[in-house]
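Please look at the sequence and the structure together, and keep both in view while you read the paragraphs that follow.

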Protein chains: 2
Amino acid sequence: MPDHSPRRRRIVIVGGGFGGLACARALAGAEVDVTLVDRRNHHLFQPLLYQVSTAALSPADIAVPIRRVLSRAKNVEVLLAEVAGVDVAEKRVRLADGGALPYDQLVLATGSVYNYFGHSDWAETAPAPKTLASARTIRARLLRAFEDAERSDDPDERRRLLTFVVVGGGPTGVEMAGTVAELARHTLSGDFRRIDPAQARVVLVEAGPKLLAAFPEELARYAARALERLGVEVRLGCGVEAIDEAGVQLHGERLPAATVIWGAGTRAADGANWLGGTEDRGGRIRVAANMAVEKQEDIFALGDVALLEQDGAPLPGLAQVAQQQGRFLGKELRTRAVPRAFRYRSKGDTAVIGRHAAVYTWGKWRLKGLPAWLLWALVHVYLLIGFERRTLVMIQWAWRYLTFERGARLID
Amino acid sequence: MPDHSPRRRRIVIVGGGFGGLACARALAGAEVDVTLVDRRNHHLFQPLLYQVSTAALSPADIAVPIRRVLSRAKNVEVLLAEVAGVDVAEKRVRLADGGALPYDQLVLATGSVYNYFGHSDWAETAPAPKTLASARTIRARLLRAFEDAERSDDPDERRRLLTFVVVGGGPTGVEMAGTVAELARHTLSGDFRRIDPAQARVVLVEAGPKLLAAFPEELARYAARALERLGVEVRLGCGVEAIDEAGVQLHGERLPAATVIWGAGTRAADGANWLGGTEDRGGRIRVAANMAVEKQEDIFALGDVALLEQDGAPLPGLAQVAQQQGRFLGKELRTRAVPRAFRYRSKGDTAVIGRHAAVYTWGKWRLKGLPAWLLWALVHVYLLIGFERRTLVMIQWAWRYLTFERGARLID
């Protein structure tokens, strides 16, 4: 780091997701030295990860090197490293390889991981689409199940191989179930000789009484109907009791299934545990309206790892929340040591169900079906970082929309 | 397989590379039942694999599901399975999982693997770009070396991290060395704060007296000059004595290097060993002019796994050889049990050195520099299977040509 005199403020940001990256970008060119640490070299456009899991997009279509995004921000350093903890008293971030990063101000934006609610042994059998690696695993399992079914002569085993269970009726679960059904019914049709991929059974299991709990009743019902039209069996009020290689044990029913995909709830990633004693039950760090951690005014937390209440309710774990927080905090820290209070302004929530079917809600506004899908597609393509990516993804989508083709059907 | 009476001829093809796939396509719609077996679900466009290794293209850009390519060939079955051997007496292909495929005629198109000339322990340290997995490994190591160099404070270690050794001066080695140099000098420039990626040292080591042994002297010299202009150190007549984590031991010189890429020669993949006693030193199966294996008239071999002499010299291990052989054999087997003699017609050989630099030779024709590069680019994009892919790859290339950007800089 270049030497300055008087010494400039040093800001360390942990995490290159939507929150951390937005914060670093907002600090570009300011009179501070910024270090962004992430254990991955890429920023991931997580809202489209389910499309990698279902072979519609390639990993590189939804990931950009963090370094590249911040290339012109000469006061920002990017470090590929794993964080082990924080020395609050010494004001240093400890790295797993023994190094340390001194800071004047620290921003924790470590995000979230999937929550198996005490059943961490299920993670192996029922992967969740959260990283490129897990999305690739899901993609390979989905495709391999059809391959194995094509080779099997045992009708029961064939049925098990062609049964796909998605756990969790939130946006991720709804998206996964819809696209798996489309993959089976459209993309793979005609490619096999002994099986008919369209006979595949896709079951969406949700413990609560409705899908998309955060959405209005009307849209939740529409989503269930749209999924059923795609051939998905929607099971509401149905808890999962066990998951193993052979299938899923539901309350009172055994469902033999070779492929189980997890999408049921997240919890905060590491971060709160580095500070000690400030987290809620979900592991999130309680922060004030200006994102400062209680009693640690030099440490800020935002995005999925943070718990910020606004109008009496915690802000939801959405990319747009993290991004707005990051941008706001970055702008504030350019000039002030103590940021002002942040206020989240929702741009609406969407969940996509399949080709030309989605739901969108914003305040009293509701949109469903094709208009919601078009809005969703437009917004998501726009949000993808980088011009080339945007153009290419748009062309790929247009092409696939017309042909049902999928470009990334790879089993490694 | 549907039952026919009288029973149709059963042809089993092992391998979905250029040779096997061309053979299966040529048999589409014929009065025979074809089964194509491959242990991977995708056909790989190997000539562009070095571009995946150097983060220019995504794996899915150069791979298509074999099933998809043969979707309309209703008499062709595709099986994702590993072949364990051949029961010549019983006329059955044995699968690793215990299954068996009876055949009337068998086509072996299993291709080649990299040859470490007795040093198979080097494979881990010096991966070769041959499969998607190994290309991804190389890509991650290349990118990680720059990341680690950015974090290192030790000048010697930094130098070691920024030294890249490519072993083998054939087309693969030349392509790898050229693109690694471009990656360092152009793509990554400006993305780091402590190192200058352009300071990276790229060394191309070749045991023989010249690069591109199969090319005319003039083009080989041009390739060496063009590489040197890109900043590559070309070492000719320089054998590798040892490779380990710390670097490469050359004859009389120790070269500390964190990244070593292997591109020095191939040998036949499994295939010859299934038949016993028909292979040459390189493990290739000797075949007659009609591709029939000696004394096994129901078994054919083609592509890199076969040794076919034409005008007194063995045909080279090139995609175009395999493809022509496969297409020819498939057409012949549509109507005859005994195919006629094959004749290879070269469309010329190319090797690409970097942006707008390549060499091309065809008979007495020689082309170098930009014209050769344009020809190469045109031909390779054209050969990529599938319309969407072609368009997209062309757009990506055009974009990268203008910007030096790379779309697939992922470390998993």
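The text below goes through some strands, a pair of helices and one residue in a predicted model.

We may begin with strand pairing in general. Strands of a sheet pair through backbone hydrogen bonds, either parallel or antiparallel. Both senses of pairing can be found in chain A, and strand 9 of chain A, which covers residues 105-108, is a place to look for the parallel one. Strand 1 of chain A, made of residues 9-14, runs parallel to strand 9 of chain A and is joined to it by 4 bridges; within this pairing, Ile13(A) has Val107(A) as its bridge partner. Strand 9 of chain A also pairs in the parallel sense with strand 21 of chain A, residues 296-301, over 3 bridges, and here Leu106(A) is matched with Ile299(A). Are the two faces of strand 9 of chain A covered or uncovered? Both are covered, since Gln105(A) and Val107(A) on one side, and Leu106(A) and Leu108(A) on the other, are all buried.

Antiparallel pairing appears in an open sheet of 3 strands in chain A, whose order is 14-15-16. The edge strands, each of which pairs on one side only, are strand 14 (240-244) and strand 16 (253-256) of chain A. On average, and with direction ignored, neighbouring strands of this sheet are turned by 15 degrees against each other. Strand 15 of chain A, residues 247-250, is linked to strand 16 of chain A by 4 bridges, and in one of these pairings Gly247(A) has Pro256(A) as its bridge partner.

Arg254(A) lies in strand 16 of chain A, and it is partly exposed, because its relative accessible area is 36%, a value between the limits of 20% for buried and 50% for exposed. Apart from its neighbours within four places in sequence, Arg254(A) is in contact with Asp244(A), Ala246(A), Gly247(A), Val248(A) and Gln249(A).

We now turn to two helices, for which a general description helps. Two packed helices are described by the angle between their axes and the distance between the axes. The axes of helix 1 (residues 18-26) and helix 10 (residues 319-335), both of chain A, come within 7 Å and cross at roughly 30 degrees. Angles under 35 degrees count as roughly parallel, and therefore helix 1 of chain A and helix 10 of chain A are roughly parallel to each other. Their crossing is right-handed. The residues that meet include Phe18(A) and Ala22(A) from helix 1 of chain A, and Ala322(A) and Leu329(A) from helix 10 of chain A; the residues of this contact divide into 7 nonpolar, 4 polar and 3 charged.

Key: Residues numbered from 1 in each chain as written. Chains lettered and ligands numbered in written order. Predicted model: local features only at pLDDT ≥ 70, side-chain atom pairs only at ≥ 80, totals over all residues. Heavy atoms only, no water. Pairing = 2+ DSSP bridges. Axes fitted to C-alpha atoms, helices over the stretch in contact; angles between N-to-C directions. Parallel < 35°, antiparallel > 145°, perpendicular 65-115°, else oblique. Left-handed = near helix turned anticlockwise from the far one by under 90°. Contact = heavy atoms within 4.5 Å. Nonpolar A, V, L, I, M, F, W, Y, C, P; charged D, E, K, R; others polar. Buried < 20%, exposed > 50% of the residue type's maximum accessible area, 1.4 Å probe, protein only.
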